[in-house]
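These are my notes from one session with the structure. I set out to look up how the copies are arranged and how one helix pair packs.

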2 protein chains.
Amino acid sequence: MNYKIDNLQYCKWSREVFEINRQADLDAVHVTVVYHEDYDEFLKRLKEWDDHFKNNSDLIFLGKNFNDIEKAHKEEKTAIFFGFQNCSPIEDDIGLIEKVHEHGCRFMQLTYNNQSLLATGCYEKNDSGVTNFGREAIKEMNKIGIVVDMSHSAEKSTLDAIEISEKPIAITHANPAFWHSANRNKSKNLLKTLAESKGMLGLSLYPHHLKNGTNCKLDSFCEMTAQTVDIMGINNVGIGSDLCLFQPDAVVEWMRNGTWAKQKNFGEGNKSKPGFPEQPDWFRDARGFKNLENGFKKVGFSEEEINKILGNNWFNFYKGIN
Amino acid sequence: MNYKIDNLQYCKWSREVFEINRQADLDAVHVTVVYHEDYDEFLKRLKEWDDHFKNNSDLIFLGKNFNDIEKAHKEEKTAIFFGFQNCSPIEDDIGLIEKVHEHGCRFMQLTYNNQSLLATGCYEKNDSGVTNFGREAIKEMNKIGIVVDMSHSAEKSTLDAIEISEKPIAITHANPAFWHSANRNKSKNLLKTLAESKGMLGLSLYPHHLKNGTNCKLDSFCEMTAQTVDIMGINNVGIGSDLCLFQPDAVVEWMRNGTWAKQKNFGEGNKSKPGFPEQPDWFRDARGFKNLENGFKKVGFSEEEINKILGNNWFNFYKGIN
């Protein structure tokens, strides 16, 4: 069986988005439920998702484990897996890890760009690695069944997390820095260590992570994928598109700034381009999976290898979560 | 005019404690209102303080600036200044700094032992210094009039805070490490840098910060004070007793553990001595200020110097807060 999985989206959710994901044959999507929200605010986001599930039960349902990906495939629906891009919902309380899992959380980033209580983000000047609380949180996440996601974390923190975690971790959405140098992209050494620990990299289609941004060529992306597979092996690479379909620019401003500064931060953007960047024309939305398939063929991947990258690797990774 | 100020207490507050502080002639006490509480929990602590002020208006009132220390002295009362031993009440929101100030907060530690969103605590393995949010928070605290307190912070974070802050910072309760080596005590280099920036050190009477703990001799403490003055000058040293009068052991357990670990941490204590240590017999409570006065005389301090250490230095520091 072959599965198609996009392991990171943060769209402005609507029936239209769920339909697009079905047109792309996505069996599962890991969706970001929370950026900076605390526990109570997370519960509010859940209510919004309750409505999405009710109003679109012909297209989506809440995924809890890998069986739900098989179920989604059979029923021609998309299983939605919840994740957080920051650890804010567990606040300073290790007891909340179990609670957020009960509410469906399966992936949690230890940091989002800045320092958190658990680890250092990739936009900090110095990286002290996983903290005392972080060490405890990782152990608890391992026990409970929440994947440690280090997409927005700094390098030492990520290496620490790999070492501390007894289960493979994930970088759900980022690209290698050798292809495009960006705070958010990852070093060869880190990707190698990640793969050796059976961790997964989800390749990102977010323009700030792409060589030449919006103008990135499909060929270039696929060649980068081949080079990444050379480093990480064929079983540890998947897709985490980071699609933010239909989100207004106010949302990217909030992602970057949260409530921690009085002046504006532009993160990966800049003063003249503060908003969401435009997607490349070969990946405007998840239907671009088809273009990836063609592009991967052109750079010499076999059908089996392509299926691994487009979903089967993530499916196998999900098998190990619980 | 001479003032007596204890710039850190976290007692189990009661009329008895306020009476003891009056017997010690304390014109002002900086009290810890919050350890790990978030903003809403801080508001609950405030209600408890409302009751203390109502029920003991003949002994105490809320201090807002240095004028209230003069007022307290005239009225033979103790002005109570609020402070936090962690930055948890501002959560991840720089806007809350103004709010906590409106509610009386005048001192805030950037960290309590562990990593916070602002800086690194002295019980972490690595110290990445003041974070992005920390930098913004310090600027805002400077603007609003809340003192940066680095008592429980790690060294690089403290040096960063001194550099970033446009106003002098404080280490309200700690001792020099040359006298007693402890995670919480401070290096000569740090104390020198603190004094050069016109920052204050409040010498601690908490047994874990004392040479020989509970059995520490008054002479030894006073000799250490003289050596510290040699390093820092006579205008930058005061008292921050860290008295935890009448607190049950459950409180020190909560201070150390908060809610960040499932297993117990013993902090400065250990498994066989998990509770509060006993105070030395010459400083059972604030009435020990009298013993300090005598001890300081014996090691050669002049009356003016003694008055500086026992309160006038803190009084002058308070003048600069707003």
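Entry one: symmetry. I worked from a predicted model. I superposed the chains and found that chain B can be laid on chain A with an RMSD of 0.0 Å. The operation is a turn of 180° with a shift of 0.0 Å along the axis. The two copies are therefore related as by a two-fold rotation axis. I then asked which C-alpha of chain B is nearest the axis. I noted that of S128(B), 2.4 Å from the axis. I also recorded that the same surface serves both copies, since 100% of the contact residues of chain B recur in chain A.

Entry two: the contact between the chains. I looked up how many residues each chain gives, and found 27 from chain A and 27 from chain B. For the side of chain B that touches chain A, I listed 14 polar, 7 charged and 6 nonpolar residues.

Entry three: a helix pair in chain A. I turned to helix α8 (residues 218-232) of chain A and helix α10 (residues 289-298) of chain A. Their axes come within 9 Å and cross at roughly 65°. I noted the crossing of α8(A) past α10(A) as right-handed. Which residues make this contact? From α8(A) I listed L218(A), D219(A), F221(A), C222(A) and T225(A). From α10(A) I listed N291(A), G295(A), F296(A) and K298(A). I sorted the residues of the contact of α8(A) with α10(A) into 4 nonpolar, 3 polar and 2 charged.

Methods: Residues numbered from 1 in each chain as written. Chains lettered and ligands numbered in written order. Predicted model: local features only at pLDDT ≥ 70, side-chain atom pairs only at ≥ 80, totals over all residues. Contact = placed C-beta atoms within 7 Å. Nonpolar A, V, L, I, M, F, W, Y, C, P; charged D, E, K, R; others polar. Least-squares fit on C-alpha atoms with pLDDT ≥ 70 in both. Axes fitted to C-alpha atoms, helices over the stretch in contact; angles between N-to-C directions. Helix = DSSP H or I, 4+ residues; strand = E, 2+ residues; numbered from the N terminus. Left-handed = near helix turned anticlockwise from the far one by under 90°.
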